[in-house]
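Q: Please take a close look at one helix in this model. Begin with the cysteines, add a word on the second chain, and then go through the helix in detail.

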Amino acid sequence: MSAPTEQREQWSGQLGFLLAAIGSAVGLGNIWRFPGVAYENGGGAFLLPYLAALLTAGIPILFLDYSLGHRFRGSAPTVFRRLHPKAEPIGWFQVGASFVIMCYYGVIIGWAISYTVYAATLAWGDDPVGFFVTDHLRVEEPAESFSLSFTVVPGLLIPILLVWVGMLVVVLLGVQKGIEKANYIFMPLLFVVFTILVVRALFLPGAVDGLNAFFTPDFSALTNPAVWLAAYGHIFFSLSIAFGIMITYSSYLKKKSDLTSTGLVAAFSNSSFEVLAGVGVFATLGFMAYTQNMTIPQLGEETPLTGPGLSFMTFPEIISSMPGGVIFGLLFFGCLVAAGFTSIISIAQVVIAAISEKFGLTRTAAAILVVGSSGFFAVVLFATTAGLPTLDVVDKFINEIGVVVGAIAMCLLVTYGVRRLGQQQAYLNRVSGFQVGTWWRAMIAIVVPLVLTVILLVTAVSLIREGYDGLPTWFVLTFGLGAVLAAAISAVVLTALPWRRNVDDFEPDDAGEPAEEVTA
Amino acid sequence: MTLSAVVFMILSIVLLWGGLAASALYLRRLLRERAEQEGTRSGEDTSYR
């Protein structure tokens, strides 16, 4: 191992980190996932399990991520290795999951770029569903007989190239001049433009009916365990926790930084944006129901109210029938691009930091390697005629199995494996104004692993019994389970390779000032 | 809108946006206090603000 030579990059200050953390958390899911999940799980009553999940799982894991990254000053594999040498694979597993997510997430941002252009001419005409599936993606559904051709769709390549070039430029500029600056530009812009969209939606005819459907509480849902699991599952994915992002980001914080108070602001910003998105999306859906002389439940049977279907099938139809629809469409898809871009650069940084530290590469070399290879996989897997079902199944498995396994492993390791939970609590309290107590330890040691294990088992049983979305078993196993296994195998292989930088010679300064230790 | 929908809409906005405002104000006060402490101690680097 060679001696470390480079000073670790830093955010310019706490605001830069905060904006980047919010930019990472606020992504496509806030706009297209939360409104639908809330509506399908009790409407207004979903607020109760949502808040419970935020306070008992989301914020505690966020604090744990922050404390690990800030105290051990490194990317996920470095941090876990410094916790215990045998824990390094957990870090690489999180990096592997991030790499997979990065590949397909960028493709979706590419779709949003295309739709920003399409919106100018309402190019989807009077059949947005057919346009999205047949004209834009040229989807070929997988069959039981193993027939599937991964033919690259040329029309998807230019927007994907734009995303990857943009991502490369930002990460090459570094933490402060690249990621922080991008968030300084995109986050205020996103909040302002999205607020304009929401206000516009509120003045559409039928908007009140949409809000009625979104907020009317169904208290019977609160007795359904699946609703509580949906709330925990959503919070977990929404906050960008437990897949290395917050560990990596907090490792760039200056030594005198407040962790818990910053975490609270980031978490509540993310949730506030989700509620804003819920208001905007359901006010808009109310307008659609009004124009089609339907109720929202009837509309939900005819058209997707969540996920990519909401954005690329339902919204185009609404935009076509709306006064000033072109401008609304440009702003809506522009918001998707901005929200997605600030998230994907955080995911990319997880992988780049890890590769750079392990192999002693410069930021430039690591960025080119990671961005280039992810771009290759994005094109050959997700920019093809089989891209949509592949993306769908990979997203399901890597998020609901891969990331959940990584989170459970992290909580169990810190609590029972290396028994450092008390130290992490003391560290958080030493550097932060908002103090965490025994409640935080109880959440990390008991509640979070328990709830996540139940979520994992429910998901696994459902996938084994029912398969996924009517897709052939071979396809689900190859791409869904394959993605998780690829992350796991890469974790083992990368752990086995020798470190080119000395990351073991490190002692956290527990006087409240973490050692100004190095690595890129 | 139904009364229950109005109540839950207000509750959502108050709890989540209120949580954001309260935590942001708390962080701001905390950072200001720290900066003042650092400043009075030695005039050393307070750039963490």
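A: A search of this predicted model finds zero disulfides over all chains. The criterion is a pair of cysteine sulfur atoms within 2.5 Å. Two cysteines of chain A can still be placed by their burial: C103(A) has a relative accessible area of 3%, and C335(A) has one of 2%. Each counts as buried because the cut-off is under 20%.

Chain B has one helix and zero strands. Of its 49 residues, 31% are buried. About 3,100 Å² of chain B is exposed, and 63% of that area comes from carbon and sulfur atoms.

The helix for the close look is α16 of chain A, which runs over residues 363-382. With 20 residues at 1.5 Å a residue, α16(A) should span 28 Å, because the expected span counts one less than the number of residues. The end C-alpha atoms of α16(A) lie 27 Å apart, which agrees with that span.

Which residues of α16(A) are buried? They are A366(A), A367(A), V370(A), V371(A), S374(A), G375(A), A378(A) and F382(A). Viewed down the axis of α16(A), these buried residues fall within an arc of 145°, so they line one face of the helix. What do the buried residues of α16(A) pack against? Their partners in chain A are α6 (88-121), α8 (157-202), α15 (325-359) and α17 (387-417).

Notes
Residues numbered from 1 in each chain as written. Chains lettered and ligands numbered in written order. Predicted model: local features only at pLDDT ≥ 70, side-chain atom pairs only at ≥ 80, totals over all residues. Heavy atoms only, no water. Buried < 20%, exposed > 50% of the residue type's maximum accessible area, 1.4 Å probe, protein only. Helix = DSSP H or I, 4+ residues; strand = E, 2+ residues; numbered from the N terminus. Areas by Shrake-Rupley, 256 points an atom, 1.4 Å probe, with all protein chains shown as cover. Arc of directions from axis to C-beta. Contact = heavy atoms within 4.5 Å.
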